[in-house]
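Here is a short walk through one protein chain. Please keep the sequence and the 3D view open while you read.

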Amino acid sequence: MAWTWKLAADYAEEVYGVQVDEEEEFFICPECGEPIYECDWVGSDYIHCPICGFNIETSDYEEDEDEL
């Protein structure tokens with residue numbers, strides 16, 4: 001699946017119950033609690049939090065995948 005900001009926000013809201021503000025285009029990272037704005041993910045993979053590296057889909061961290 002090709003993740004977009006909207007899909008990631010909807011997934012995080014459904015699975016983790018986080019706040020999503022579609023007007024301001026941000027949602028709260030379920031791990032670090034920081035707001036993740038759509039503009040923060042320009043050029044990113046849309047599944048890892050750009051702040052803490054948390055993988056919204058698998059609950060792992062970006063760094064863990066690099067070590068494998």
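The report below goes from the overall fold to the core, then to the aromatic pairs and a buried polar group.

**Overall picture**

What you are looking at is a predicted model. The protein has two helices and three strands, and from the N terminus on these elements follow the order α-β-β-β-α. Of the 68 residues in the protein, 28% are buried. The accessible surface amounts to about 4,200 Å², and carbon and sulfur atoms account for 45% of that. If you take the contacts between residues at least 6 apart in sequence, 25% of them join residues at least 24 apart.

**The nonpolar core**

Let us move inside. The largest nonpolar core is made of 15 residues. Within this core, the residues with the most contacts are W5, F27, I36, W41 and I56. Helix α1 is the element that gives the most to the core, with four residues.

W5 is a good place to centre your view. Leaving aside residues up to four places away in sequence, W5 touches V20, D21, E25, F26, F27, I36, Y37, E38, W41 and Y46. Three of the residues with the most contacts inside the core, namely F27, I36 and W41, are thus among the partners of W5.

**Aromatic pairs**

How many aromatic pairs does the count come to? The count is three, and two of the pairs are described here.

One pair is formed by Y16 and F54, and its geometry is edge-to-face. Y16 sits in helix α1 (residues 5-16) while F54 belongs to the loop between β3 and α2, so this pair ties together parts that are 38 residues apart in sequence. Y16 counts as partly exposed, because its relative accessibility of 29% falls between the 20% and 50% cut-offs. F54, at 4% relative accessibility, counts as buried.

The other pair is F26 with Y37, whose planes meet at 45°, so the pair is tilted. This pair also links distant parts of the chain, with F26 in strand β2 (residues 26-28) and Y37 in strand β3, 11 residues apart. F26 is buried, at 11% relative accessibility, whereas Y37 is partly exposed at 32%. Both F26 and Y37 appear in the list of residues that W5 touches.

The ring geometry of the two pairs looks like this:

| Pair | Centre to centre | Angle between planes | Type |
|---|---|---|---|
| Y16 and F54 | 6.0 Å | 65° | edge-to-face |
| F26 and Y37 | 5.1 Å | 45° | tilted |

**A buried polar group in the loop**

Now return to the loop that holds F54. N55 is found in this loop, between β3 (35-37) and α2 (62-67). Is N55 buried or exposed? N55 is buried, with a relative accessible area of 4%.

What does the side chain of N55 reach at 2.8 Å? Its partner there is the backbone nitrogen of E57. A polar atom of the N55 side chain also lies 2.9 Å from the backbone nitrogen of T58.

H48 lies in the loop between β3 and α2 as well. The side chain of H48 makes a polar contact with the side chain of N55, at 3.4 Å. H48 counts as buried because its relative accessible area of 6% is under the 20% cut-off. This contact therefore joins two buried side chains, with H48 at 6% and N55 at 4%.

Definitions and conventions
Residues numbered from 1 in each chain as written. Predicted model: local features only at pLDDT ≥ 70, side-chain atom pairs only at ≥ 80, totals over all residues. Heavy atoms only, no water. Buried < 20%, exposed > 50% of the residue type's maximum accessible area, 1.4 Å probe, protein only. Polar contact = N/O pair within 3.5 Å; in protein donor to acceptor, adjacent residues only side chain to side chain. Phe/Tyr/Trp six-rings, centres within 6.5 Å; stacked < 30°, edge-to-face > 60°. Contact = heavy atoms within 4.5 Å. Areas by Shrake-Rupley, 256 points an atom, 1.4 Å probe, with all protein chains shown as cover. Core = buried A, V, L, I, M, F, W, Y, C linked by side-chain atoms within 4.5 Å.
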